[in-house]
Amino acid sequence: MSTSPMQMSEARRFQQLRSHLSYLKLNDAAEALNRVLDQARAERMSLTAALERLLEIEVEATEARRLAARLRFACLPEPWTLNDFDFAAQPGVDEKLIRDLATLRFLDDASNVLFVGPPGVGKTMLSVALGRAAVEAGHRVYFTTAAELAAKCHKAALEGRWKTCMNFFAGPKLLIIDELGYLPLPEDGASALFQVINQRYLKSSTILTTNVGIADWAGAFGDATVAAAMLDRLLHRAAVAGIDGPSYRLRGHQNQAESIRAGVNARVS
């Protein structure tokens, strides 16, 4: 069976187009080319519409890869979003404030967010949810605990990498520091934390969760001067969310236990 010059020309053109796409590293578009051409014939699409669909596939794949990379860098401990938070179960949370923070306007002003309250009330979940929203909006986010941050800074100082460490923590658009006050910081921990916050002051945003009331920071961190300087920078532009409701986590465990008991009783009866 012979191939006409026109058919041969179209075959060559198709292969050349795939080659061009691959050379330009538009690999997802190259992979989808055959499918898009079939759709274009079946739906009688214009050349412009077919080209737009092909490039849309590449753009979506590129955005998915970039989102995955930002999520890996962020080190968020859970995939929580704001939709996962049950505001009805935690009346101690100011829902209006949280919804406003979820617009991410505070990032534009390099403002900070402090979640203050006892363990289990949802501070970490809310901070992670806001971090996830920022990642999905295209921002660089990094999550760490206060103890981990202090340990990394201490190690960097011993290894002569202090400036590199400070630059790393200064880089993200949003830095989340979790569990401040849960564990005692090492002798130089409060100083390291202050220097990180000072590096970011008026340049980028920090979310900090703590079980220590603001009035008690001086005693909790052992150095009244450092604590006052840290609060001065954190609170200059900040939203403070005090959460004094019942344990959000404990209520979840109780509801799960009640569901299990109900299921067992139903089977027994």
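Biologist: How do you know which residues of the lining of the largest pocket are nonpolar, polar or charged?
Modeller: In this predicted model, the lining divides into 11 nonpolar residues, one polar and three charged. Leu and Phe count as nonpolar, so Phe14, Leu17, Leu33, Leu37 and Leu47, which lie nearest the pocket's centre, belong to the nonpolar class.

Biologist: What makes a residue part of the lining, and how many residues line the largest pocket?
Modeller: A lining residue has an atom within 4 Å of a point of the pocket. The largest pocket is lined by 15 residues, and its volume is about 410 Å³.

Biologist: Which helices each supply at least two residues of that lining, and which gives the most?
Modeller: Helix H1 (5-23), helix H2 (27-43) and helix H3 (47-74) each supply at least two. H2 gives the most, with six residues.

Biologist: Why are strand E1 and strand E4 called paired?
Modeller: Pairing needs at least two bridges between the strands. Four bridges join E1 (residues 112-116) to E4 (residues 205-210), so the two strands pair. They run parallel. Within E4, Ile207 is the bridge partner of Val113.

Biologist: In what order do the five strands form the open sheet?
Modeller: The order is E2-E3-E4-E1-E5, with parallel pairing.

Biologist: What makes strand E2 and strand E5 edge strands?
Modeller: Strand E2 (141-145) and strand E5 (238-242) each pair on one side only. Neighbouring strands of this sheet are turned by 10 degrees against each other on average, direction ignored.

Definitions and conventions:
Residues numbered from 1 in each chain as written. Predicted model: local features only at pLDDT ≥ 70, side-chain atom pairs only at ≥ 80, totals over all residues. Heavy atoms only, no water. Axes fitted to C-alpha atoms, helices over the stretch in contact; angles between N-to-C directions. 1 Å grid on protein atoms, 1.4 Å probe; cavity = no way out; pocket = protein on both sides within 12 Å on 5 of 7 lines; lining within 4 Å. Points joined across faces, edges and corners; volume = space filled by probe spheres on them.
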